[in-house]
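I opened the model to look up a few points before going back to the bench. These are my notes, in the order I took them.

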Amino acid sequence: MPPRQRLTPADRRAQLLAVGARLFAVHPYADVLMEEVAEQAGVSRALLYRHFPSKQALFAAVYQQAADQLLAQTRLDPADSLVDQLVQGMDVHLDYFVANRNAVLTANRVLAGDPVIQTIMTNELDMLRTRLLAVLPLADESAREAVSGVLKSWLVFVQVLCVDWLAHETCTRTQLRDICIGAVLGALRPLLTEDPAPDWGPTHGPDAAGRP
């Protein structure tokens with residue numbers, strides 16, 4: 001065990017979260033041991049359990065931190081086109097999913113029934129839906145409610161599809177991103193006052209429009 005450093009409680013918690021995030025990213029949930037977290041952090045197991053009473057609590061804190069960071073990195077600027085915003089948001093999330101495959105699979109499969117994990121996911125999806133609603137051209141409150149329902153269903157669709165892709169990789173990452181974006185554009189068009197992506201049709205995606 002490396003020599004223990006004296007840290008403030010906040011800094012110690014941040015250190016433990018960093019170690020936990022690294023281990024949960026590269027190992028299946030069952031293979032991550034609290035003893036290993038303590039050893040890599042250079043602390044006693046007693047100190048680790050003082051901050052996080054269980055492995056499940058540590059994982060939940062790691063996943064909450066990741067959700068907060070993903071929301072902070074997801075840019076929804078009304079000055080950008082809807083497609084540009086969707087591409088940026090999908091890329092941010094897919095970057096994290098690919099780099100933290102085991103953690104994402106843990107949250108969505110191993111701990112899928114955990115109420116804390118479910119709350120983290122629900123809150124993140126609700127925040128993304130609220131942000132999207134704020135940048136869409138809506139005619140009235142009735143249209144807002146209809147669009148909100150579509151976005152709620154679409155975000156769950158994206159979550160399920162991306163988790164399945166992590167497990168099986170049945171298409172390329174770019175194809176996955178474009179499937180998700182095409183799905184929401186097709187669902188939203190009948191509900192909006194103007195076409196949110198006139199250059200995006202069934203025969204061409206972002207590559208045809210000159211996007212990456």
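**Entry 1. A charge and a ring.** I started at Lys55, whose charged end sits over the ring of Tyr29, 4.2 Å from the ring centre. This is a predicted model, so I note that side-chain atom pairs count here only at pLDDT 80 or more.

**Entry 2. Aromatic pairs.** I then asked how many aromatic pairs a search of the whole structure finds. The search gives five. One of them is Tyr29 with Phe59, an edge-to-face pair with 5.9 Å centre to centre and 85° between the planes. I checked where the two partners sit in the chain, and the pair links distant parts of it. Tyr29 is in the loop between helix H1 (9-26) and helix H2 (34-41), while Phe59 is in helix H4, 30 residues apart from Tyr29. Tyr29 and Phe59 are both buried.

Phe59 also pairs with Tyr63. Their ring centres are 5.7 Å apart and their planes lie at 20°, so I list this pair as stacked; the cut-off for stacked is under 30 degrees. Phe59 and Tyr63 are four residues apart in helix H4, which means about one helical turn separates them. In general, residues three or four places apart in an α-helix point the same way, because the helix has 3.6 residues a turn.

Are Phe59 and Tyr63 buried or exposed? Phe59 has a relative accessible area of 0% and is buried. Tyr63 comes out at 9% relative accessibility, so Tyr63 counts as buried too, the limit being under 20%. I recorded one aromatic cluster made of Phe24, Tyr29, Phe59 and Tyr63.

**Entry 3. Met34.** Staying in this part of the chain, I looked up Met34, which is found in helix H2. Met34 has a relative accessible area of 5% and is therefore buried. Which residues is Met34 in contact with, leaving aside neighbours within four places in sequence? I found Leu48, Tyr49, Phe52, Ser54, Lys55 and Leu58. Lys55 is the residue whose charged end sits over the ring of Tyr29. For Leu58 I also took the C-alpha to C-alpha distance to Met34: 9.0 Å in space, with their positions 24 residues apart in sequence.

**Entry 4. The chain as a whole.** I stepped back for the totals. The chain has nine helices and zero strands. Its C-alpha trace spans about 60 × 35 × 30 Å along the principal axes. The chain has 212 residues, and 43% of them count as buried. I took contacts between residues at least 6 apart in sequence, and 67% of these join residues at least 24 apart. The accessible surface is about 10,800 Å², with 54% of that belonging to carbon and sulfur atoms.

**Entry 5. Helix H7.** I checked the length of H7, residues 115-135. Its 21 residues should span 30 Å at 1.5 Å a residue, and the end C-alpha atoms are 31 Å apart, so the two agree. At the N-terminal end of H7, Asp114 acts as the cap, with a side-chain oxygen 3.0 Å from the backbone nitrogen of Val116. The buried residues of H7 are Ile117, Ile120, Met121, Glu124, Leu125, Leu128, Arg129, Leu132 and Leu133. I noted that Glu124 and Arg129 are on that list. What covers these buried residues? The cover includes helix H4 (55-73), helix H5 (82-99), helix H6 (101-110) and helix H8 (141-168).

**Entry 6. Two neighbours in H5.** Val87 is in helix H5, and so is Gln88. Val87 counts as buried at 8% relative accessibility, and Gln88 counts as buried at 16%. I listed their contacts, not counting residues up to four places away in sequence. Val87 touches Arg177 and Ile181, whereas Gln88 is in contact with Gln73, Thr74 and Arg75. The C-alpha atoms of Val87 and Thr74 are 10.0 Å apart, and the two residues are 13 apart in sequence.

**Entry 7. A positive phi.** Last, I looked up Glu169, in the loop between H8 and helix H9 (173-188). Its phi is near 45°, a positive value in a residue other than glycine. Most residues other than glycine have a negative phi. Glu169 has a relative accessible area of 53%, so I put Glu169 down as exposed.

Technical notes
Residues numbered from 1 in each chain as written. Predicted model: local features only at pLDDT ≥ 70, side-chain atom pairs only at ≥ 80, totals over all residues. Heavy atoms only, no water. Helix = DSSP H or I, 4+ residues; strand = E, 2+ residues; numbered from the N terminus. Expected span 1.5 Å × (residues − 1). Buried < 20%, exposed > 50% of the residue type's maximum accessible area, 1.4 Å probe, protein only. Contact = heavy atoms within 4.5 Å. Polar contact = N/O pair within 3.5 Å; in protein donor to acceptor, adjacent residues only side chain to side chain. Phe/Tyr/Trp six-rings, centres within 6.5 Å; stacked < 30°, edge-to-face > 60°. Lys NZ or Arg CZ within 6 Å of the ring centre and 35° of its normal. Areas by Shrake-Rupley, 256 points an atom, 1.4 Å probe, with all protein chains shown as cover.
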